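Visitor: I'd like a quick walk through this fold before I set anything up. Could you show me the model and take some questions?

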Amino acid sequence: MNLLILLGLLSLVASQDPPGTAPTAAEILAENINGQTVHEFRGYYKREHSLIKPYTGSGADIPNWNIVGSTFVSSNQIRLTADDQSKAGGLWNTQPVWSRDWELQVSFKVTGSTGDLFGDGMAIWYTSEPNHLGPVFGGKDYFRGLAVFLDTYSNHNGPHQHGHPFISAMVSDGSLHYDHDKDGTHTQLGGENTGCTAKFRNKEHDTQLLIRYVGDTLSIFTDIENKGQWNLCMSVNNVQLPTGYYFGLSAATGDLSDAHDVVSVKMFEQEFAHVERVGEADRRNVVPHAQFTASPRDHTDDARPSSLGWGGTIALVIVGIIVLVGGLGFGVIYFQKKNERQRKRFY
């Protein structure tokens with residue numbers, strides 16, 4: 001019955017839209033998840049790519065996962081970074097993913113004591129090189145694969161207008177640089193405005209995130225307010241990802257900090273009927289690529305701030321105002337005296 005409904009929807013949409021603009025079957029399936037319960041699972045549960053309590057086996061090790069950097073693990077807690085400055089940690093799956101279509105559901109918490117100032121953020125990875133610490137939210141720059149960024153700190157000097165925390169994605173073939181100074185807008189999947197603001201910090205409940213890669217369409221859903229329903233954050237089609245890559249999670253702090261906790265990871269293999277293109281029968285050889293991304297452009301340094309700092313700048317402004325007022329007062333007095341001398345000459 002569900003298949004008949006789906007086919008009917010496809011026929012209806014195709015009859016109403018101009019040629020080439022009709023949504024794909026994968027896009028319609030993704031849209032149907034919007035508003036659905038977070039407790040409904042689709043596909044086949046893959047234990048080797050999943051992570052639930054209790055986390056540790058014998059000792060402090062986690063079966064099928066590697067611990068890197070500052071990550072702390074116990075039987076009931078995984079903390080990628082504590083609420084301390086300049087920390088980076090990660091958790092990497094040891095098993096390559098051979099499923100072409102999949103869903104990854106991640107439950108996490110981000111907490112901090114720095115009020116409205118916080119950083120830096122988390123990343124969820126599907127890449128060819130696991131277990132690397134690096135400058136991109138604790139992960140490797142110039143990576144090969146997919147990254148979903150949960151950016152909690154706005155650098156304020158990029159061209160974007162969105163708020164933070166902000167969720168976005170990036171697909172790279174290993175040649176692209178993630179530009180922190182521009183919050184990654186140079187290489188953002190779907191363009192600079194694709195993604196969503198997500199106020200997930202300091203919630204009493206866990207935040208749910210669903211990453212869905214089915215039919216070459218990447219969709220991201222969230223449940224921020226603990227309503228038990230998925231809300232569509234972004235969806236981009238024509239995304240090419242190979243099989244055989246690795247899932248991972250990482251986080252980093254800088255001068256500002258947060259604690260980043262992973263609560264659970266659940267991976268489900270999906271079934272989807274593909275029409276294979278020439279050369280794509282073996283998905284291991286596919287080069288990561290996305291048709292719709294922000295156009296890469298060179299980094300442009302922003303104007304250097306004054307070395308005086310805020311206090312020095314304010315003091316300099318005050319001195320300037322005093323000099324200006326003093327100059328105007330002197331001018332007024334000078335012209336008054338000059339006029340008086342001119343009047344006296346006529347008497």
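What follows is a short round of questions and answers on this predicted model.

Visitor: Let's start broad. How many helices and strands does the chain have?
Guide: Keep in mind that this is a predicted model. Of its 347 residues, 43% count as buried. As for secondary structure, the tally is 3 helices and 17 strands.

Visitor: What share of the contacts with a separation of 6 or more comes from residues 24 or more positions apart?
Guide: One example of a long-range pair is L256 and G119, which sit 137 residues apart along the chain with their C-alpha atoms separated by 5.1 Å. Across the chain, among contacts with a separation of 6 or more, residues 24 or more positions apart account for 72%.

Visitor: And the surface: how much of the exposed area do carbon and sulfur atoms supply?
Guide: The chain exposes about 18100 Å². Carbon and sulfur atoms supply 54% of that area.

Visitor: Which strands are the edges of the open sheet?
Guide: The sheet has 7 strands with antiparallel pairing, in the order β2-β5-β15-β7-β8-β9-β10. An edge strand here pairs on one side only. That description fits residues 65-69 and 196-197, which are β2 and β10.

Visitor: β7 sits inside that order. Which strands is β7 joined to, and by how many bridges?
Guide: On one side, β7 (residues 121-127) runs antiparallel to β8 (residues 144-151), and W125 stands opposite A147 there. I124 also has its bridge partner in β8, namely V148. Towards β15 (residues 246-252) the run is antiparallel too, with T127 opposite Y246. The bridges come to 7 with β8 and 7 with β15.

Visitor: Is β7 buried or exposed?
Guide: Take one side of the strand: G121, A123, W125 and T127 are all buried. On the other side, M122, I124 and Y126 are buried as well. Since 7 of the 7 residues are under the 20% cut-off, β7 is largely enclosed by the rest of the structure, so the word is buried.

Visitor: Which strand gives the most to the largest nonpolar core?
Guide: That core has 47 residues, and those with the most contacts inside it include W102, L104, I124 and L150. The strand that gives the most supplies 5 residues and spans residues 102-111. The name you want is β6.

Visitor: L150 came up there. Which residues is L150 in contact with, leaving aside its neighbours within four places in sequence?
Guide: Some of its partners belong to β7, namely G121, M122 and I124. Further contacts are D120, F166 and I167. The rest of the list is F108, F200 and L209.

Visitor: How many residues does the other core have?
Guide: This core lies apart from the largest one. Among its members are W125, F137, F143 and M170. Its size is 11 residues.

Visitor: Which cysteines does the disulfide join?
Guide: The count comes to 1 disulfide, with S to S at 2.1 Å. With -105° about the S-S bond, the link is left-handed. Its ends lie 37 residues apart, in strands β10 and β13, and both cysteines are buried. The pair is C196 and C233.

Visitor: Last one: is L256 buried, partly exposed or exposed?
Guide: L256 has its place in the loop between β15 and β16. Its relative accessibility is 24%, and the range from 20% to 50% is the one in between. So L256 counts as partly exposed.

Conventions:
Residues are numbered from 1 along each chain as its sequence is written. This is a predicted model: local features need pLDDT of at least 70, side-chain atom pairs count only at pLDDT 80 or more; totals for chains, interfaces and linings use all residues. Side-chain values use heavy atoms; hydrogens and water are left out. Two strands pair if DSSP finds at least two bridges between them. Helices (H or I, at least four residues) and strands (E, at least two) are DSSP runs, numbered from the N terminus. Buried means under 20% relative accessible area, exposed over 50%, partly exposed in between (1.4 Å probe, protein chains only). Contact means heavy atoms within 4.5 Å. Accessible areas come from the Shrake-Rupley method with a 1.4 Å probe; for residues, only the protein chains shown count as cover. A nonpolar core is a set of buried Ala, Val, Leu, Ile, Met, Phe, Trp, Tyr and Cys residues joined through side-chain atoms within 4.5 Å. A disulfide is a pair of cysteine sulfur atoms within 2.5 Å.
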